[in-house]
Amino acid sequence: MTAYSLLILPGDGIGPEVMAEVRKVIDWFQANRGMQFDVSEDLVGGAAYDAHGTPLTDATMARAQAVDAVLLGAVGGPAYDNLDFSVKPERGLLRLRKEMDLFANLRPAQCFDALADFSSLKREVVAGLDILIVRELTSGVYFGTPRGIQADDNPDNEGGRVGINTQRYTSGEIRRVARAAFELARKRSSRVCSMEKANVMESGILWREEVQWVHDHEYPDVELTHMYADNGAMQLVRRPQQFDVIVTDNLFGDILSDAAAMLTGSLGMLPSASLGAPAANGRPKAMYEPVHGSAPDIAGKALANPIACILSFAMALRYSWNEGAAADDLERAVETVLAQGVRTADLMGPEGGTPITTSEMGDRIVAALAAA
Ligand code: NAD
């Protein structure tokens with residue numbers, strides 16, 4: 001049996017702390033489920049800068065390109081805030097995303113029943129919520145040219161400057177992210193809602209037509225609907241349960257995925273994946289990471305919630321290795337532990353209680369896996 005190759009990049013702050021708990025989960029699956037992982041570890045972000053003067057060395061980049069999946073903790077921290085832009089910790093992350101061409105960003109918004117009261121919305125609106133936002137990550141208005149701030153000699157323009165960004169999408173860019181969304185939908189409830197602003201943007205008209213084209217020619221079995229992104233934002237907070245997979249562009253996806261994240265409560269609970277094109281072995285280039293940052297305010301205090309990183313590993317099981325049943329088991333173990341009232345400090349409600357440490361949370365999740 002070929003081992004699943006995984007490169008772990010713990011990074012900075014709480015990154016190494018939460019990653020230590022993922023290691024326990026990996027060890028459990030190796031010992032109990034006959035899976036074999038070829039795990040290597042390297043530096044990224046501030047940790048790489050301290051050791052090598054760069055947030056990501058060429059050697060680490062090459063290792064990332066060679067493995068099935070990269071699992072990243074978090075990067076950054078106050079010690080690096082004043083570094084030159086070119087060597088800031090975030091540059092390591094951006095280089096990974098760019099050189100691996102990770103064009104589809106997956107942000108699940110899943111509400112565990114035990115945490116439904118953490119949402120800013122009513123329990124009945126969010127309980128059992130399970131949606132997946134697929135955001136195009138490598139094109140659109142964040143990358144299009146021309147861009148910049150220029151002088152403007154129009155005498156009617158008080159201040160005399162103009163700021164320019166360009167929303168630009170090729171049909172190929174739209175089709176490949178649409179395919180990713182349809183493939184994912186087939187592994188879930190087979191429903192995709194595509195969001196754009198075709199009423200006011202030509203790039204939105206192209207988006208709608210190309211997503212429809214991919215659907216009609218390649219995925220007629222999946223249900224496809226279209227929605228204007230502003231209505232989508234309203235529907236997300238009004239009746240989020242109506243969605244399964246949402247596919248949208250870089251800008252709208254940035255905003256909608258953050259709004260959806262808050263439906264579920266704590267930052268310490270949110271995983272993500274960024275996928276590229278499938279390689280020869282059928283596995284997509286892939287990087288998995290919790291949504292949260294390096295949380296310098298709690299680093300080194302055993303307060304970090306490792307669940308976001310553990311759920312990111314569950315996404316790797318599902319999307320890189322097609323181990324859907326193992327991913328389900330891991331997610332269920334998290335749910336079980338939460339239902340038992342076990343909480344890290346970030347999940348303490350107004351009723352209080354005694355929070356457990358990062359390491360205890362990892363142990364409890366492994367114990368729940370074993371007991372299932
Ligand atoms: P942050 O996500 O690190 O923290 C925001 C708040 O949430 C903090 O109060 C923190 O204690 C809390 N928090 C975050 N993750 C948690 C967890 N797992 N368990 C419990 N509490 C948690 O965001 P920030 O404070 O804005 O940024 C801190 C540093 O992280 C900065 O250097 C920033 O650039 C970097 N950052 C990195 C990433 C990334 O690596 N992907 C993402 C966001 C921010």
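**Helix 1.** I started with helix 1, residues 15–32: its 18 residues reach 26 Å from first C-alpha to last, close to the 26 Å expected at 1.5 Å a residue. I kept in mind that this is a predicted model. Next I looked up burial and found Gly15, Val18, Val22 and Trp28 among the buried residues of helix 1. I then checked what covers them: the cover includes strand 1, strand 2 and strand 3, along with helix 10, helix 11 and helix 12. Just past helix 1 I noted Gly34, with a positive phi near 65°.

**Helix 11 and helix 12.** Two of those covering helices also meet each other, so to speak, and I took a look at how. Helix 11 and helix 12 pack at about 115°, their axes 8 Å apart, and the crossing is right-handed. On the helix 11 side I listed Asp329, Leu330, Ala333, Val334, Thr336 and Val337, which meet Met361, Arg364, Ile365, Ala368 and Leu369 of helix 12. I sorted the residues of this contact into eight nonpolar, one polar and two charged.

**The sheet.** Here I traced 10 strands in an open, mixed sheet, ordered 2-1-3-12-11-4-5-10-8-9. Strand 2 and strand 9 are at the edges with a single partner strand each, so one side of each has no neighbour in the sheet. Neighbouring strands are turned by 20° against each other on average, direction ignored. I also followed strand 11 and strand 12, which pair antiparallel over six bridges; Ser272 has Glu289 in strand 12 as its bridge partner.

**Helices on the sheet.** I saw helix 3 lying across strand 1, strand 2, strand 3 and strand 12, at about 140° to strand 1. Helix 8 packs on the sheet too, touching strand 5, strand 8, strand 9 and strand 10, and its direction makes about 105° with that of strand 9.

Note on methods: Residues numbered from 1 in each chain as written. Predicted model: local features only at pLDDT ≥ 70, side-chain atom pairs only at ≥ 80, totals over all residues. Heavy atoms only, no water. Helix = DSSP H or I, 4+ residues; strand = E, 2+ residues; numbered from the N terminus. Expected span 1.5 Å × (residues − 1). Buried < 20%, exposed > 50% of the residue type's maximum accessible area, 1.4 Å probe, protein only. Contact = heavy atoms within 4.5 Å. Axes fitted to C-alpha atoms, helices over the stretch in contact; angles between N-to-C directions. Left-handed = near helix turned anticlockwise from the far one by under 90°. Nonpolar A, V, L, I, M, F, W, Y, C, P; charged D, E, K, R; others polar. Pairing = 2+ DSSP bridges.
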